[in-house]
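This briefing covers overall form, the contact between chains, and two residues picked out for a closer look.

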2 protein chains.
Amino acid sequence: MLRGKQSWWFEKRPVIIGEATVVGPDEGNGPLAADFDLVHPELDMQQKSWEKAERLLLEQASEFAIQNARIDRGQVQYYVGGDLMNQIISNSFAARSLGVPYIGVFGACSTSMETLALASLIVNSGSGSHVLAGTCSHNCTAEKQFRYPTEYGSQKPPTAQYTVTGAGAAVVAAEGEGPVVECATIGKIVDLGIKDPFNMGAAMAPAAVDTIQAHFNDTGRSPGDYDLIVTGDLAGVGHPIAKDLLLQNNVPMNDTVFGDCGLMVYDVEKQKVQAGGSGCACSAVVTYGHLLKRVKKGELNRILVVATGALLSPLSYQQGESIPCIAHAVAISAGKE
Amino acid sequence: MLRGKQSWWFEKRPVIIGEATVVGPDEGNGPLAADFDLVHPELDMQQKSWEKAERLLLEQASEFAIQNARIDRGQVQYYVGGDLMNQIISNSFAARSLGVPYIGVFGACSTSMETLALASLIVNSGSGSHVLAGTCSHNCTAEKQFRYPTEYGSQKPPTAQYTVTGAGAAVVAAEGEGPVVECATIGKIVDLGIKDPFNMGAAMAPAAVDTIQAHFNDTGRSPGDYDLIVTGDLAGVGHPIAKDLLLQNNVPMNDTVFGDCGLMVYDVEKQKVQAGGSGCACSAVVTYGHLLKRVKKGELNRILVVATGALLSPLSYQQGESIPCIAHAVAISAGKE
């Protein structure tokens, strides 16, 4: 298949040989609880700060991913990671613990697929045999940094989303058993002028649509080529907008095929999560925890994960700027031709 | 040449077909003034905020790099960029203006070579024909975010460094005329426990040494293979430490071969820059503005740029954490065998 203008086709078929997810209590009370490697019963994970708790999540997910891949830590040639924190500090500290060459990235909640795309590119090009991709978020670090510390008890509108507490990591390898990373589509910035950090789903929806259309254009594929297409964290407000925009652009999506990780990670009706989940960990824990298990079981043959990111900064918001958004898509298949 | 454990060898010889640098007034008063494409006479660049000024620097450098490469903007397939700002917001906004698929990275002041390495990897692997790499920093945005707003007039110790106001961008292409990106070495996190954000050169020196040694191990090269090896921004305190550490590890460095961009961008004796320059733009404007001109003139045949990054966050510093540091190295040659 031809490689398109903004897509990478991984003709050497890099394989996800091991992945792991670690989450907090809210995710452990959600419908995907059984799919995670570890559920922490408390938000602080017995750490002295929320930031230390977030770091621990990523360190654990990375370690478990390496264990699940049945390799030694020394075999990991590169770690590609990022998170929501200023200066992606959770990743820098986790990379310090890992002790492997480190490529830090920032894509807000699109980080899960940005890191998986880059890890697959490195492996596919023969520039590394085992590359770890990882990301994390914590509800309390994100609220504190982007909105208000949770301890203030401020109210939120129903368009707001609930940042997932968790971490997901995956080992991409040149050879081995596991789901295959087929291709990736790198997104452009799309910014339609939305400025409300309590309505990020609506802000990100056009970016998801732009990347999905680019993916189909570049690869010659259509929705029918996938058993499931999930956006990262558009949630209850943004996901219907994305569906409508796709329909307007003559890409009709069936509800059984088109989902959203932010709507899957929680029971949105019962859990107090406003419009649904968000955060770097949202698409990471749903993909690495839940979806890859379904791919391995044979329930899904091929999926497209379109991780969406709202690249706002608290300072840019305070200065009256709109929210630049992006989405990166990665296609994963069972690998059995 | 064999590709080592943490290095990428670019056997297809990607070429820097165009590059550009834009700087502020202090850099315009420094010894490299004549090498920059544009010198702004005022720090605010007639923008309403320091952040908008920083964004403008990057937008201009990107545009000029594309012009200097003699290509259309539409030919740029990917933009790889990052900066020091929280959520690398300068790059997200500049990527919005560029309108090309965007890979955001964070490596603090190592970003210049992190982005050049990734852009070269994409081109070398055939995953893109023209990839733009860019970074920026602004003295006033960095001081405000990491230490104190300049307007407060706080004093600084002589170990502090002066963040370069500027931006540098380069177009890496599969074919064309220009210096060749030969290989890159991706660094590991090195953290020896230094916690002082006013002494980042000393914190970063061991990371530079670690990457330089890894580069020599991976490539089989030695200092004698380079006409110039520059660290990014170790400046007056950190650079002698790096030299001492290398000597202790049996890698003696000659002063005529081993330099530092933070000591080159200013007249450290005359300009009030404490120990020297720093910031994402430091190694970017020295490399893209000054060093590549010397390579093109034939004064230097092969150089190694070791961009150093102190990955601290103001929050991690306030919480008593030490500074995780990293360095990424890229080897560039005149391309004439």
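Helices and strands here are DSSP runs, with at least four residues for a helix and at least two for a strand, numbered from the N terminus. By that count, Arg55(B) lies in helix 2 of chain B, which covers residues 50–68. The model is predicted.

**Chain A as a whole**

- Chain A has ten helices and 14 strands.
- Its radius of gyration is 18 Å, close to the 20 Å from the globule rule for 337 residues, so chain A is as compact as a globular protein of that length.
- Along the principal axes, the C-alpha atoms of chain A fill a box of roughly 50 × 50 × 35 Å.
- Of the 337 residues in chain A, 67% are buried.
- Considering contacts in chain A between residues at least 6 apart in sequence, 78% link residues at least 24 apart.

**Surface and charge of chain A**

- The exposed area of chain A is about 11,100 Å², and carbon and sulfur atoms account for 48% of it.
- Chain A carries 25 positive and 35 negative charges, and the mean positions of the two sets are 3 Å apart.

**Contact between chains A and B**

- Chain A contributes 59 residues to the contact, and chain B contributes 59 residues.
- Together the two chains bury about 4,500 Å², with 57% of that area on carbon and sulfur atoms.
- On the chain B side, Lys5(B), Gln87(B) and Phe106(B) lose the most area to chain A, together 14% of what that side buries.

**Arg55(B)**

- Arg55(B) has a relative accessibility of 13%, and because buried means under 20%, Arg55(B) counts as buried.
- Across the chain boundary, Arg55(B) touches Glu321(A).
- Within chain B, leaving out residues up to four places away in sequence, Arg55(B) touches Ser90(B), Phe93(B), Ala94(B) and Arg96(B).

**Ala170(B)**

- Ala170(B) sits in strand 8 of chain B, which spans residues 166–173.
- With 0% relative accessibility, Ala170(B) counts as buried.
- Apart from neighbours within four places in sequence, the contacts of Ala170(B) include Ile16(B), Gly18(B), Glu19(B) and Ala65(B).
- Val131(B), Leu132(B), Ala133(B) and Tyr288(B) are also in contact with Ala170(B).
- Tyr288(B) is 118 residues from Ala170(B) in sequence, while their C-alpha atoms are 7.2 Å apart in space.

How values were computed: Residues numbered from 1 in each chain as written. Chains lettered and ligands numbered in written order. Predicted model: local features only at pLDDT ≥ 70, side-chain atom pairs only at ≥ 80, totals over all residues. Heavy atoms only, no water. Rg over C-alpha atoms; globule rule 2.2 N^0.38 Å. Buried < 20%, exposed > 50% of the residue type's maximum accessible area, 1.4 Å probe, protein only. Contact = heavy atoms within 4.5 Å. Areas by Shrake-Rupley, 256 points an atom, 1.4 Å probe, with all protein chains shown as cover. Lys, Arg positive; Asp, Glu negative; His and termini not counted. Charge placed at Lys NZ, Arg CZ, Asp CG, Glu CD. Buried area = accessible area lost by both parts, 1.4 Å probe.
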